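Biologist: Before I rely on the terms used for this model, I would like to hear the reasoning behind each of them. Could you take me through it step by step?

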Amino acid sequence: MARAATTSDAFNAIAEPQRRDILALLRAGEWPVTDLAQELGMSQPRASKHLRVLREVGLVRVREVGKQRLYGLDARGLQPIHEWVGGFERFWAGGFDRLETYVQELKQTRQED
């Protein structure tokens, strides 16, 4: 089965590390593209391209303030990813439970010595 185009699927869009970095910065609030580009050490055209992809899949919104465009996170687009990852939560929780049991056994062994 062919992969969906990057611009139509949030999973493919966030597969790019620089796009994940942009989303991480946008958690704190809105940013102009020039500031995002500078913070991430990339050119403004490259940052704009990443923002376009993120906007097209519904992960980023844009707001115009005068001549400036401010980009912000639209976390609703992450819902399908959250739901998918949530299906694996029981594996992580089980791992933490086993770790806690192991730590308690170590403490018990040290107290007996």
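**Terms and their grounds**

Modeller: Let us start with helix α3, residues 33–40, whose buried residues are V33, L36 and A37. Seen down the axis of α3, these buried residues fall within an arc of 100°, so they line one face of the helix. Please keep in mind throughout that this is a predicted model.

Biologist: What does the face of α3 turned away from its buried side carry?

Modeller: That face carries the exposed residues Q38 and E39, and exposed here means a relative accessible area over 50%.

Biologist: Which elements do the buried residues of α3 pack against, and what follows the helix?

Modeller: The buried residues of α3 pack against α2 (17–26), β1 (31–32), α4 (44–56) and β3 (68–73), where the test is heavy atoms within 4.5 Å. After α3 comes G41, which has a positive phi, near 65°.

Biologist: What makes a group of residues a nonpolar core, and how many residues has the largest one?

Modeller: The members must be buried residues of nonpolar kinds, joined through side-chain atoms within 4.5 Å. The largest nonpolar core has 22 residues, and those with the most contacts inside it are L23, L26, L36, L51, L54, L59 and V60. At least two residues of this core are supplied by each of α1 (10–13), α2, α3, α4 and β3. As for L26, leaving aside its neighbours within four places in sequence, its contacts are W31, L36, V60, Y71, G72 and L73.

Biologist: Why is the pair R63 and E30 called a salt bridge?

Modeller: The closest N and O atoms of R63 and E30 are 2.5 Å apart, and the cut-off is 4 Å between a side-chain nitrogen of Lys or Arg and a carboxyl oxygen of Asp or Glu, so the pair qualifies. This salt bridge links distant parts of the chain, with R63 in strand β2 (residues 60–65) and E30 in the loop between α2 and β1, 33 residues apart. R63 has 41% relative accessibility and counts as partly exposed, and E30, at 32%, also counts as partly exposed.

Biologist: How do you know that R69 and E64 form a salt bridge?

Modeller: Their closest N and O atoms are 3.7 Å apart, and because the limit is 4 Å, this pair is counted as a salt bridge. R69 is partly exposed, with a relative accessible area of 37%. E64, which is found in strand β2, has a relative accessible area of 56% and is therefore exposed, the threshold being over 50%. By contrast with that pairing, E64 and F11 are 27 Å apart in space, C-alpha to C-alpha, and 53 residues apart in sequence.

Biologist: Why is D74 called buried, and what is the state of its salt-bridge partner R76?

Modeller: D74 has a relative accessible area of 14%, and buried means under 20%, so D74 is placed in that class. R76 is exposed, with a relative accessible area of 67%. The side chains of D74 and R76 meet at 2.9 Å, N to O, and the structure holds 4 salt bridges.

Biologist: Which residues is R61 in contact with, and why is it called partly exposed?

Modeller: R61 lies in strand β2, and its relative accessible area of 41% falls between 20% and 50%, so the term partly exposed applies. Leaving aside neighbours within four places in sequence, R61 is in contact with E30, L70, Y71, G72, L73 and D74. The C-alpha atoms of R61 and A75, which are 14 residues apart in sequence, are 9.7 Å apart in space.

Biologist: Which residues make the nonpolar surface patch, and what makes W92 eligible for it?

Modeller: The patch, of about 1,000 Å², is made by F11, W84, F88, F91, W92, F96, L99, Y102, V103 and L106. Helix α6 (residues 89–112) gives the largest share, 7 residues, and W92 lies in that helix. At 48% relative accessibility W92 counts as partly exposed, and because a patch residue needs over 30%, W92 passes that requirement.

Terms used
Residues numbered from 1 in each chain as written. Predicted model: local features only at pLDDT ≥ 70, side-chain atom pairs only at ≥ 80, totals over all residues. Heavy atoms only, no water. Buried < 20%, exposed > 50% of the residue type's maximum accessible area, 1.4 Å probe, protein only. Helix = DSSP H or I, 4+ residues; strand = E, 2+ residues; numbered from the N terminus. Arc of directions from axis to C-beta. Patch = residues over 30% accessible without salt bridge, like charges linked within 9 Å, V, L, I, M, F, W, Y side chains within 5 Å. Areas by Shrake-Rupley, 256 points an atom, 1.4 Å probe, with all protein chains shown as cover.
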